[in-house]
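Work through these exercises with the model open beside you. Try each task before you read its solution.

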Amino acid sequence: LIGVGALIAALVGLSFAQSDTAFVLMGVLLGISGPLCGPMAGSAVISRWLTATPGRALGIAALGTSVGGFVVPRGLGLAIEAGAWRDGLRGLAVVVAVVAIPLLLLRFWDSPEDRGLTAEPAPTGAAGPAMGDEPALSSREILKRLDFWLFTTGLSLFLACYMGTVANLGKYFSDAGLTAADAGSLMSYVA
């Protein structure tokens, strides 16, 4: 709920920002909202609820990021084209508030135990150890593992390249003479 609140506040704050400082502060708030309500937080909750089929559940959940990445740039591109980018950000904040807050309050629980429930049972006849049968590694043990650092380094490099590209596509498309709406449409295909 804190992450969604930070996201809504950042979108509304950006829509009213009049100075570079305000933009930077809202950008920081937007950056804070990502880890609190983004894929990492959702993945942690999904893995606690759906212990037998976490891969399928995470794959379905990941579709939301792609759908949002396809829809949001198009919508904001149209708002920019209409000269109403500030209204577009406020509208996005309203959509987030109307959709996410009720879901979080009424249907989103950190773990099944929070509601006196049990996690998804393993399918009958499943081969191999069930998730959770092995002792969990401590943070210190994870940080000592080479496979953790190889994965983290590779993912970080990929995300740095991807986000660096996405962050500059709007300016590139603008310099190429595309309208904001067309640029938003093209950017949505990168999602």
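The exercises below move from the whole chain to helix pairs, a core and single residues.

**Before you start**

This is a predicted model, in which local features need pLDDT of at least 70, side-chain atom pairs count only at pLDDT 80 or more, and totals for chains, interfaces and linings use all residues. Residues are numbered from 1 along each chain as its sequence is written, and side-chain values use heavy atoms, with hydrogens and water left out.

**Exercise 1. Take stock of the chain.**

Task: State how many helices and strands the chain has, and how confident the predictor is.

Step 1. Get the rule for elements. Helices (H or I, at least four residues) and strands (E, at least two) are DSSP runs, numbered from the N terminus.

Step 2. Count. The chain has 8 helices and 0 strands. From the N terminus, the order reads α-α-α-α-α-α-α-α.

Step 3. Check confidence. pLDDT is the predictor's confidence in each residue, from 0 to 100. The chain averages 78, and 89% of the residues score at least 70. Among the elements, helix α3 (residues 39-49) has the lowest mean, 74, and α1 the highest, 87.

Step 4. Look at burial and contacts. Buried means under 20% relative accessible area, exposed over 50%, and partly exposed in between (1.4 Å probe, protein chains only). Of the 191 residues, 19% are buried. Contact means heavy atoms within 4.5 Å. Take the contacts between residues at least 6 apart in sequence: 69% of them join residues at least 24 apart.

**Exercise 2. Describe two helix pairs.**

Task: Give the angle, axis distance, handedness and residue classes for α4 with α5, then for α7 with α8.

Step 1. Know what to report. Two packed helices are described by the angle between their axes and the distance between the axes. Axes are lines fitted to C-alpha atoms, for helices over the stretch in contact, and angles run from 0 to 180 degrees between N-to-C directions. A crossing is left-handed if the near helix is turned anticlockwise from the far one by less than a right angle, and right-handed if clockwise.

Step 2. Take the pair α4 (residues 54-81) and α5 (residues 85-107). Their axes come within 7 Å and cross at roughly 145°. The crossing is right-handed. V72, L76, A79 and I80 of α4 meet W85, G88, L89 and L92 of α5.

Step 3. Sort by class. Ala, Val, Leu, Ile, Met, Phe, Trp, Tyr, Cys and Pro count as nonpolar; Asp, Glu, Lys and Arg as charged; the others, Gly among them, as polar. The α4 and α5 contact has 7 nonpolar, 1 polar and no charged residues.

Step 4. Repeat for α7 (residues 146-175) and α8 (residues 180-188). The angle is about 145°, with the axes 9 Å apart. This crossing is right-handed. V166, L169, G170 and F173 of α7 make the contact with A183, L186 and M187 of α8. By class, there are 6 nonpolar, 1 polar and no charged residues.

**Exercise 3. Find the largest nonpolar core.**

Task: Name which residues make up the largest nonpolar core and which elements give two or more of them.

Step 1. Apply the rule. A nonpolar core is a set of buried Ala, Val, Leu, Ile, Met, Phe, Trp, Tyr and Cys residues joined through side-chain atoms within 4.5 Å.

Step 2. List the members. They are V4, L7, I8, L11, L14, M26, L89, A93, V96, A100 and L104, 11 residues in all.

Step 3. Assign elements. α1 and α5 give two or more residues to this core.

Step 4. Zoom in on A100. Not counting residues up to four places away in sequence, A100 touches V4 and V95.

**Exercise 4. Buried or exposed?**

Task: Classify S15, L1 and S111.

Step 1. S15 lies in helix α1 (residues 2-16). Its relative accessible area is 1%, so S15 is buried. Beyond neighbours within four places in sequence, S15 contacts R86, L89 and R90.

Step 2. L1 lies in the segment before α1. L1 counts as exposed because its relative accessibility is 58%. Leaving aside neighbours within four places, L1 contacts I101, L104 and L105.

Step 3. S111 sits in the loop between α5 and α6 (139-143). At 9% relative accessibility, S111 is buried. Outside four places in sequence, S111 contacts R48 and W49.
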